[in-house]
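Q: Please take a close look at one part of this model, describing it in detail and then setting it within the chain as a whole.

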Amino acid sequence: GARVKVYLGASGEDYLYFFDEDDGSTKWQSRGWTTGPGGPPSELARQLNACSAKGRDAIEVAFGPDDEWYVNGRKGDGTGGYSWWGGTEATQYIKDWTGTGSHLRVQFGSWGSWALIHGQNGYWFSANVDDDLTTRVEKVRKKNGTIKCLRLLPDDAFWVSDSDGMMWKGLGKSVAEEVKHGRDEVLDVIVARDGAWVVLRPNRFVASQGVSSELTGLLTDFYSRQRSRRDRQNARIRKYDDQQRALAQQRAREEHERKEREEREERERAAVQQRERERALREKQEREQADRKRRDRLLAIDQKGLRPGARVTVRGYSTNPGDAEILRVRQDLVSIRYDDGDTFDGADPLQIDKHDEGLRLRTLTDGALPDARRVLQDARDSLLNARRELLARTDRQFLWRGLRPDEHRRGVHKTEGNGLFAKNPISTASLEASIDDGQLETKYIQLSTSPGAALFYAAAYSSRWPCRVAQIERSLVPEEDIFDVSDAEKCHARGVESPRAVNFAVRHQVVAVQYRIPREAIIAEWDVPRSVPRGLRGHTSLDEYLSQLDVDSQLREWNARPRAATRGLAIPAARACARACLRQALPRRQGLAAALEAHPATSWRRGLTPRGRARSRARRGRACGIAQAVLMTYPSACIPSTRKYLRAK
C-alpha cells in the first residue's frame, strides 16, 4: 500500500494514480488518469507527460477543485529532482520550501484552502484550514513527532495520520467506520467531491460504491502482483539461506570427519569398539525418541479428539482461536486449512488444541476463580431455563428446516454431523435481500416455526429420496443470531420492508439464523415418507401443497420427544412448563375438576369440522406429552390433581 498513490476528483469516476512497482531487480512507475472537467487539470496532465518523457518519476502530486496543482518529480537514481505548480495562492510558500532540499507535501482543499508539510513535521496552512487540524499538527511538531500523511477533503473535512495515531473530521459515516474499525494500519484516505472514497492499507484496499470499476481493477491487480513478487523474493531469500546453511553444515561435517579420520588412525582397536558401542547406543536412543514422539502424537490425536472437520487452534501459527479446520488425519500427522484458505500438511498434533469456548472459559476459572465459575454456570443455567420456559409458554420452542440434499448427505444432527452453516458467512447482503431472493448466497439460514413449511421445502423441492426435515431447539441457538420475521410487525422491526419479502416471510413463518446453527441445537432429523409427493417446485405454492395432503399425522410424529423438550429444566421452570402445556391440553372455559369428569367427546368438540377436531386433538395430545414428561422427570413439579389428570389421559 505504501507504493500506491490515488487521487479522486469531482466523482469516483475521475481519478489519478501512481504505482511504484518493484520485482526485486527492477523498479519502475506505472501511472494513469482520466480526462475531463472533473479530473486532473490539463496543465498537470501535460507536466506529468513531460516528466515521463524525461525519465522522471512522480514523487508528490496534488490537485484541487479550483484547478490548483502541484507535482514533484525526480529520476530513478535520485537525481534531476524538480517541482512544478500552478493555479494556487500558495506559490510563494511552495517556492521558498522547494529549494531547501527537504521533502515537501502539498494538499489543496475546498474554498481555496491549502496545506504544506515540510520534512518531518514542518507545516504552513492557509487561514481557512480547520483550527482542529492546525492544533493537532502543532502538537505533533512540539513533540518532535512525524506527520505521516495529511489529506484536505471536500466540505472542509480532513484526515491526518501521525506518530500519535489518526484524527479526522467531517468524514461520511461509511468511510469513518472503515477507518475506525480496520485492524491494520490506514495509509491514506481519498474522498471525491461526490462522496465516493478509497481507503488504502498495507496489504489491501477498500473502495465505496461510485468508485470507477477500472480504478478498483487496477488496484486489485497491483496488490496481487506486488504480493506475488514479494512471495517470490522471500522464497528466493529462504532458498539462499538454506543453501548457505547446508554449505556451512557440509563444511563443518567434512572438517569433523577429517578430524575423526585422523583420530581413528591414532587410536587402538579398543577405542574403535568403544566408539561403535556409543554410536549404536545413540541410534537406539534416537529411535526410541522418535517412537516415543510418534506415540505421543497418536495419543494427542486420540485424547484431543482431532477428527476431520473439527475447529482447532495451532499454537505459534493461528492468529485467532479456532481459525483452522482439520482436513484429514494421516497416521501421526494432521492436515489443516486456515480460514484465509492456506493449507498445511504435516502439522504436529502436540501443537494443536481443539477449539472449545466453554472449555477455555472453564480453564480460566478453574482453581483461581472457583466462585466466579460457579456463579457464571448458575447464570448460564438460569438463562437457558428462562429461555426454555418462555418459549414453552409461547409455543415457540422448536424451529424447522427442510434440508437440502447436500445438507442431509453430510449430516447435521448432533450425533452425526457438524450442524448447519450459511452458504456465504462473509456476505454483506441484507436480511430483506436474502428473503426476497432464495437463490442468493448470504450469511442467513432460513428456518420456519411451521413444520408444514419445512415439509414443503424438503419434499416439493426434491425429486429424489431420501429427503429430511431438521427439528431445532430454539433455546440452544444464541439469541443474538436469531432474526424472527414471522409476522409483519417483526418484519418492520428487522428492516424488511419489501412487500414481496414481507408476504413470503409471513406466509412461511420465517425465522432466520445468521452464520451457523450448532449441532447440539439440532435435536432430530425426520425422514419424509415416500408417499409424500416430490419434485413440484414451481408448480404449486405452500398453501396449495398442504391443502391437498393430510399431513397432520406426519406433523404429530415430528413433535419433539417429551424428554427432549424439558431436558435440563429446574423444578420451578418445569412446573411453569407443565402448567403452560396443560392450558393447551385442557378444554377451554373448564377447570381441572370439570375436565376430570368430562367425557372426551364433550362440549369442546362441538361445532368443529372433522378436520378442526383432528387438529384440536393433535394440539392437546402434544401438550399432554410434554406435561407427562415433566411429571416423569420432576414428580414434584405437578400438584396431585394434575398427576391424576395426566394418568387418566
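A: Asp162 has Gly165 as its bridge partner in strand 12. The model is predicted: local features require a pLDDT of at least 70 and side-chain atom pairs count only at pLDDT 80 or more, whereas totals for chains, interfaces and linings use all residues. Residues are numbered from 1 along each chain as its sequence is written, and side-chain values use heavy atoms, with hydrogens and water left out. Strands and helices are DSSP runs numbered from the N terminus, a strand being E over at least two residues and a helix H or I over at least four.

The bridge just named belongs to a hairpin: strand 11 and strand 12 have two residues between them. These two strands run antiparallel and are joined by five bridges; strands count as paired if DSSP finds at least two bridges between them. On the other pairing, strand 11 (residues 157–162) meets strand 10 in the antiparallel sense over six bridges. Strands of a sheet pair through backbone hydrogen bonds, either parallel or antiparallel.

Together, the strands make an open sheet of three with the order 10-11-12 and antiparallel pairing. Strand 10 (147–153) and strand 12 (165–169) are its edge strands, each pairing on one side only. With direction ignored, neighbouring strands of this sheet are turned by 5° against each other on average. Within the sheet, Arg151 stands opposite Trp159 in strand 11. Helix 3 (residues 131–142) packs on the sheet and touches strand 10, strand 11 and strand 12, its direction making about 10° with that of strand 11. Touching refers to contact, meaning heavy atoms within 4.5 Å; the axes behind the angles are lines fitted to C-alpha atoms, for helices over the stretch in contact, and angles run from 0 to 180 degrees between N-to-C directions.

The loop between helix 3 and strand 10 holds Asn144. Asn144 is not a glycine, yet its phi is positive, at about 60°. With a relative accessible area of 56%, Asn144 is exposed, given that exposed means over 50%, buried under 20% and partly exposed in between (1.4 Å probe, protein chains only). Elsewhere, Asp67 also has a positive phi, near 65°, in a residue other than glycine. Asp67 is in the loop between strand 4 (56–63) and strand 5 (69–75), and its relative accessibility of 48% makes it partly exposed.

Turning to charged side chains, Glu178, Asp184, Arg201 and Arg204 form a network of salt bridges. A salt bridge here is a side-chain nitrogen of Lys or Arg within 4 Å of a carboxyl oxygen of Asp or Glu, and the count by this rule is 35.

One example lies in helix 5 (residues 213–266), where Glu262 and Arg258 are four residues apart and are separated by about one helical turn. Their side chains meet at 2.8 Å, N to O. Glu262, at a relative accessible area of 39%, is partly exposed, and Arg258 is partly exposed at 31%.

A second salt bridge joins Lys304 and Asp353 at 3.7 Å, N to O. This pair links distant parts of the chain, 49 residues apart, with Lys304 in helix 6 (residues 269–304) and Asp353 in strand 20 (residues 352–354). Lys304 is partly exposed at 25% relative accessibility, and Asp353 is partly exposed at 29%.

Helix 6 itself has 36 residues, which at 1.5 Å a residue should span 52 Å, and its end C-alpha atoms are indeed 52 Å apart; the expected span is 1.5 Å times one less than the number of residues. Its buried residues are Arg297, Ala300 and Ile301. Their cover includes strand 17 (324–330) and strand 18 (333–338). Gly305 follows helix 6 and has a positive phi near 65°.

In a third salt bridge, the closest N and O atoms of Asp484 and Arg474 are 3.4 Å apart. Asp484 lies in strand 25 (residues 482–484) and Arg474 in the loop between strand 24 (468–473) and strand 25, so the pair ties together parts that are ten residues apart in sequence. Asp484 and Arg474 are both buried.

For the chain as a whole, the secondary structure amounts to 20 helices and 28 strands. The chain has 649 residues, of which 41% count as buried. Of the contacts between residues at least 6 apart in sequence, 56% join residues at least 24 apart. The exposed area is about 36800 Å², with carbon and sulfur atoms supplying 48% of it; accessible areas come from the Shrake-Rupley method with a 1.4 Å probe, and for residues only the protein chains shown count as cover.
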